[in-house]
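This report covers backbone geometry in one chain, then the fold and a helix pair in another.

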Amino acid sequence: MTTPTISILNLSKVYNLGAINRHTLVDEAQYLWHRLRGRNPNQHMAPIAQDHTLPHKNAPLLAKADRFWALKDVSFDVSPGEIVGIIGPNGSGKSTLLKILTRITEPTSGDAFINGRVASLLEVGTGFHPELTGRENVFMNGTILGMKKKEIAKKFDEIVAFSEIEKFIDTPVKRYSSGMYVRLAFAVAAHLNPDILLVDEVLAVGDASFQKRCIGKLEETAAGGRTILFVSHNLHAVVALCRSVVWLDHGRVRMIGPAREVVARYTQEAIGQSTASAFEGKWQSDIRWEGLQIRNATGDETEVFDINDDILIEIDLAQKTLVQPVRLVLRIRTADDEVVALCTSNWNDPSASLPIEACHRKLRCRLRGNTLNTGTYRVSVGVDRPRGAVLSELINIKSFQVIQTTDHGGGIFGQLDSILSPLQPWETVWQKPLTDNAKGSL
Amino acid sequence: MTGTKSARIYLNTFNNSATQQLSNGSIPMQHTHIKANQAWWKIDWREILDYRDLLFMLVLRDLTSVYKQTILGPLWFVIQPLITSVVFTIIFGTVAKVPTDGIPQFIFYMSGTVFWNYFQGCMTHSASSLGSNTSLMTKVYFPRLIIPLSGAMSNLAYFGLNLIMFFGFYFYFLFFTTATMHPQVNLIFLPFLVLQCALLGIGIGLWVAAMTIKYRDLRFALPFLISIWMYATPIVYPASLVVNPAMRLVLCMNPMTFIVESVRFLLTGTGTVTLTCAMLSIGMTIFFLVTGLFLFNRAQRTFVDMI
C-alpha cells in the first residue's frame with residue numbers, strides 16, 4: 001500500500017455564529033474578572049446579542065445553537081497522482097476543507113497529513129498589484145503562490161506565451177482589460193509546479209474557451225503525476241476529470257466512491273428534493289402532472305448516461321376533457337439555459353396529438369444516443385396547443401448527465417467542442433491511387 | 001465511523017494501480033502536519049527562509065509601487081524628514097527656543113526624526129500587516145511573518161536614503177561650521193541601534209496587529225498614540241532637560257529614549273545615556289519582540305475566521 005499524499009483524519013471546524021468578540025470594554029472587563037476568579041466566564045455574562053428567543057437573560061455566551069460545524073469528522077485519503085473531486089451543496093464545507101488544507105485557517109480538531117508541496121488555485125490573480133507591470137506581477141504572484149524566483153524566471157517566457165499578452169507585459173496591470181488580467185493570472189497559476197494542487201471553482205470564471213483551457217491544463221498537470229483536489233459545482237467537469245469523488249453534506253462525508261456513482265447519487269438526491277412538490281396533484285388548466293422518469297434503454301431509472309446510450313423520458317399525466325387537441329412539448333436545456341432540443345409529440349405527424357377525452361396516460365420520448373454531447377441537461381415538459389397557448393408547463397424539472405466513457409478522439413479529454421455531437425453517417429464516395437508525378441508534391 | 005473507515009480502504013485499494021512516481025527532482029519531499037491548536041511558541045523559521053523570495057518581492061513591490069506616477073519619485077523619501085526637521089528647527093529651536101545641548105539645532109532635530117521615522121515605519125507596517133492584506137491572506141498561505149519583516153526591510157531602504165542625506169548635513173556642520181561636535185569612536189555601534197530600532201518597531205507592531213484583530217479600536221487609536229509617543233521621546237528636546245530623577249526614570253521607561261539619545265551621543269559627544277536606561281531599553285525591546293512574535297503567531301492562525 002502506498003503512502004497517501006493527503007491523509008485526513010476526523011477533521012472538524014467549528015464557527016461561532018453571531019458576534020465573535022466580547023463587544024464592549026465592560027464585557028471584556030467582566031470576562032477577565034471571571035477568568036481571574038477561576039470561574040467559567042461564559043456562565044456569568046449577559047449574552048452578546050440580545051436575542052429574545054433565548055430562554056433567559058443569562059444564557060451561556062456560546063450556546064450550542066450558536067456553533068456551526070462547517071466540517072465534522074471528515075476523513076479520507078488521497079493517493080499520489082489521483083484527482084479527487086469534492087462535491088456538495090453550498091455550505092457543505094467544501095471551501096472550508098480547502099482552506100484548512102492550504103493552511104489559510106486551522107481546524108478545530110482533527111489532523112491532516114500532507115506529503116508534498118501544496119499550491120492552490122482558489123482565485124486567480126491573487127496578489128496582483130495594479131501599479132506594477134505585468135512582468136513584475138508575474139514574479140510577485142508566482143512567489144506568493146510559493147514559487148522560487150529562479151523557477152519563475154525559467155518559466156517566464158512560457159507563462160507570457162500562454163497568456164498571449166507579450167506586447168503588454170511591461171504595462172501596469174491596471175491598464176489591462178479584465179480578460180488580459182485573468183489570462184495573465186491564470187498563466188502564472190497554471191505554471192505552478194506543486195505536488196498537490198487544490199482547485200476551487202476557478203472554472204466558474206472566464207469565458208468558455210478560458211474554462212476549457214483551465215480544464216486542459218488540469219488534465220495535463222494530473223498526467224504529470226500530480227495530485228489534484230478539485231472542488232466544483234460543475235458535475236460534468238468533475239466526472240470528466242476525477243476518478244473518485246467525495247460528497248460532503250453539512251460538513252460530513254456523505255459518500256466516497258467512483259466519480260460516476262457518487263455524482264449520480266448526488267444528482268438524484270438534489271433533483272429529488274426539488275421536484276417532489278411539482279407532482280402534488282394540482283390541476284393546471286385541465287392538466288395534472290403525475291410523474292416524470294428518466295430511464296436508460298433497459299428501463300432503469302438513472303441520471304447518468306453514456307454518450308452512446310438512448311435516453312428514455314417518460315411522462316405521466318392526467319387530463320380532463322379538452323375542447324381542442326393539444327400536444328406534449330419536451331425541452332432539453334443545457335446548464336447555461338440554452339434550449340438544445342425541442343421534441344413535440346406531433347413531430348412526425350402534425351395531426352397526431354393527445355386525444356381530447358379525459359384519461360390518465362403515460363408517454364415516452366426516446367432521445368437517441370450519440371445526439372447530445374457530454375454535459376448536464378435539464379428537462380422541461382409542457383402541454384400546449386399547436387401554434388397556440390401553453391396550458392401547463394414544468395420547467396427544468398429534472399436533469400441528467402451525459403458522460404463519455406469511450407474516447408471519440410476529439411478535443412480536451414475527448415470532449416467534442418459542441419453542444420450536440422450527433423452520429424451522422426459518413427462514407428467514402430470514391431478513392432483512387434495517386435498518379436506517379438503527383439506523389440512527390442506532398 | 002465505520003463508513004469513513006471503509007471509504008478509506010476503498011480509496012487506498014482503488015488507487016493502488018494509479019500510483020505514479022512524483023517527479024520532483026532534487027527538491028526534498030515536504031511533509032506537513034495540519035492540526036488544531038498548534039503551539040503558540042512554535043514559529044517555523046525554516047519556512048520563512050524558504051519564502052525569502054517572496055520577502056524580496058514584497059520589499060521590491062513596496063519600493064517601486066509607492067511613488068509610481070510621481071515626478072519626484074523616491075526623492076519623497078528624503079523630502080519628508082527634511083521638511084520635518086526644518087519645521088522643528090523653526091518652531092522648537094527658533095520660536096520656542098528649546099535648548100539642544102549645544103548640538104546644531106538642525107542636526108539635533110534631524111537625527112531624532114530620521115531614527116524615529118524608521119521606528120514608526122517598522123511599527124505601522126507590522127501593525128497593519130494583517131489588516132491591509134486580508135484579500136491576500138484569505139486566498140493563499142504563506143508565513144504571515146513575512147509581511148512585518150518586509151516592512152522592516154523596505155523601511156530600511158528609506159532609512160538608508162535618509163541617513164545618507166543626514167550625513168551630508170552632518171559633515172557640513174562638522175567641517176564647515178564652528179559647531180562643536182565630537183564624534184565618538186563607538187560610532188561603529190550605530191548599526192546596532194538601527195537594528196534595535198527595527199526590532200522594537202516590529203515587536204510593538206506585532207502586538208498591535210494581534211490586538212487589532214479583536215479590537216478594531218486600535219486602528220483609530222494608533223495614529224495619535226504614535227504622536228504622543230513621539231513627544232514622549234526626546235526628539236524635539238534633549239533628555240538632559242528632564243532633571244527630576246523620577247521623571248528621568250519615566251523617560252527611560254520609553255525604550256526609544258535610549259536609542260535617540262545614544263545616536264546623538266555617538267555623533268556629537270553630547271547626550272544622556274545611562275546604564276539603567278540602556279538595560280531598560282534593550283530589555284523592553286527583547287520583551288516586546290518575543291511576546292509580539294508569540295502573540296502574532298497565535299493570532300495569525302485563525303484570524304481569517306475573525307475578519
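A:Glu164 sits in the loop that links α5 (149–163) to α6 (178–190) in chain A. The model is a predicted one. Although A:Glu164 is not a glycine, its phi is positive, at about 60 degrees. There are 12 C-beta neighbours inside 10 Å of A:Glu164, and the residue therefore counts as exposed, since the exposed class takes in residues with 12 or fewer.

A second residue of chain A can be described in the same terms. A:His250 belongs to the loop between β8 (244–249) and β9 (252–258) of chain A. Its phi is also positive, near 50 degrees, and A:His250 is a residue other than glycine. For A:His250, 15 other C-beta atoms lie within 10 Å, so the residue is partly exposed. The table sets out both residues.

| Residue | Phi | C-beta atoms of other residues | Class |
|---|---|---|---|
| A:Glu164 | about 60 degrees | 12 inside 10 Å | exposed |
| A:His250 | near 50 degrees | 15 within 10 Å | partly exposed |

The rest of the report deals with chain B. Its secondary structure consists of 12 helices and 1 strand. In sequence order the elements of chain B run α-β-α-α-α-α-α-α-α-α-α-α-α, which places the strand between the first helix and the second.

What radius of gyration does chain B have, and what would a compact globule of 307 residues have? The value for chain B is 24 Å, while the globule would have one near 19 Å. Along the principal axes, the C-alpha atoms of chain B occupy a box of roughly 85 × 45 × 35 Å. Of the 307 residues in chain B, 37% are buried. Among contacts in chain B with a separation of 6 or more, 79% join residues 24 or more positions apart.

One helix pair of chain B can be followed at residue level. Helix α5 (residues 105–127) and helix α11 (residues 255–268) of chain B have axes that come within 10 Å and cross at roughly 140 degrees. α5(B) and α11(B) are therefore oblique to each other, as angles count as roughly antiparallel when over 145. The crossing of α5(B) and α11(B) is right-handed.

On the α5(B) side, the contact involves B:Ser111, B:Gly112, B:Phe115 and B:Phe119. They meet B:Met256, B:Ile259, B:Val260, B:Val263, B:Arg264 and B:Leu267 of α11(B). By type, the residues in this contact of α5(B) with α11(B) comprise 7 nonpolar, 2 polar and 1 charged.

Methods
Residues numbered from 1 in each chain as written. Chains lettered and ligands numbered in written order. Predicted model: local features only at pLDDT ≥ 70, side-chain atom pairs only at ≥ 80, totals over all residues. Helix = DSSP H or I, 4+ residues; strand = E, 2+ residues; numbered from the N terminus. Rg over C-alpha atoms; globule rule 2.2 N^0.38 Å. Buried ≥ 20, exposed ≤ 12 C-beta atoms within 10 Å, placed from the backbone. Contact = placed C-beta atoms within 7 Å. Axes fitted to C-alpha atoms, helices over the stretch in contact; angles between N-to-C directions. Parallel < 35°, antiparallel > 145°, perpendicular 65-115°, else oblique. Left-handed = near helix turned anticlockwise from the far one by under 90°. Nonpolar A, V, L, I, M, F, W, Y, C, P; charged D, E, K, R; others polar.
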